[in-house]
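Me: I should like a close look at a single part of this protein, namely its salt bridges. Please set them within the overall fold and explain how the partners are placed.

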Amino acid sequence: MKLLPVLTILLSGWTYSFGQNKIKGTIQNKDNHQPVAYATIIVNDPATGKTVNGTVANEQGAFEVSNLKKGPYNITIDFIGYTRQELKGINAPKDLGTIYMVAAGKALNEVVVTSRAPTIENKTDRVVYNVATDITSQG
């Protein structure tokens with residue numbers, strides 16, 4: 001009977017300590033220090049490369065990945081328009097503080113859109129023949 005309270009305290013302490021292993025931080029834009037909202041955070045096991053856990057940053061750029069075992073992890077942070085951040089060998093529990101992401105600027109080539117009117121158009125009340133688009137009418 002005296003063993004039951006001791007066993008309950010030991011088990012609750014073990015459960016509490018298991019849930020405390022978390023990795024957290026905040027993601028911001030390096031140029032203007034604005035939060036990068038909804039960035040994807042993936043936690044991988046470095047030995048196997050398999051995904052262990054993951055989350056999405058909130059509107060303030062803050063994230064927290066919980067229910068991790070103690071040990072090293074590789075963390076990948078990704079968001080559209082930014083260069084992917086990879087942090088290797090991060091031991092849980094850990095507060096990463098502020099992580100700055102660099103905007104990935106890509107210059108696109110010029111695009112030219114051309115169009116030709118069809119030679120014959122069927123309208124509701126008439127048929128239109130476009131002479132300018134007919135190959136036989138050109139000299």
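Reply: The protein contains one helix and nine strands. In sequence order these elements follow the pattern α-β-β-β-β-β-β-β-β-β, with helix H1 spanning residues 3-19 and strand S1 spanning residues 23-29. The model is a predicted one.

A few totals for the whole protein give the setting. Of its 139 residues, 24% count as buried. The accessible surface comes to about 10400 Å², and carbon and sulfur atoms account for 56% of that surface. Among contacts between residues at least 6 apart in sequence, 46% join residues at least 24 apart.

We may now turn to the part requested. Side chains of opposite charge can pair when their charged atoms come close. The structure holds five salt bridges, among them the pairs Glu64 with Lys22, Asp78 with Arg84, and Lys123 with Glu121.

Consider Glu64 and Lys22. In this salt bridge the closest N and O atoms are 3.7 Å apart. Glu64 belongs to strand S4, which covers residues 62-65, whereas Lys22 sits in the loop between helix H1 and strand S1. The two residues are 42 positions apart in sequence, so their pairing ties together separate parts of the chain. As for their surroundings, Glu64 has a relative accessible area of 40% and is partly exposed. Lys22 is partly exposed as well, with a value of 25%. Because buried means under 20% and exposed means over 50%, a residue between these limits is called partly exposed.

Asp78 and Arg84 form another of the salt bridges, and here the closest N and O atoms lie 2.9 Å apart. Asp78 counts as partly exposed at 27% relative accessibility. Its partner Arg84 is likewise partly exposed, with a relative accessible area of 48%.

In the pair Lys123 and Glu121, the side chains meet in a salt bridge with an N to O distance of 3.8 Å. This distance qualifies because a salt bridge requires the side-chain nitrogen to be within 4 Å of the carboxyl oxygen. Lys123 is partly exposed, with a relative accessible area of 40%. Glu121 is also partly exposed, at 23%.

To return to the pair described at the start, Glu64 in strand S4 and Lys22 in the loop before strand S1 show how a salt bridge can tie together parts of this protein that are 42 residues apart in sequence.

Terms used: Residues numbered from 1 in each chain as written. Predicted model: local features only at pLDDT ≥ 70, side-chain atom pairs only at ≥ 80, totals over all residues. Heavy atoms only, no water. Helix = DSSP H or I, 4+ residues; strand = E, 2+ residues; numbered from the N terminus. Buried < 20%, exposed > 50% of the residue type's maximum accessible area, 1.4 Å probe, protein only. Contact = heavy atoms within 4.5 Å. Areas by Shrake-Rupley, 256 points an atom, 1.4 Å probe, with all protein chains shown as cover.
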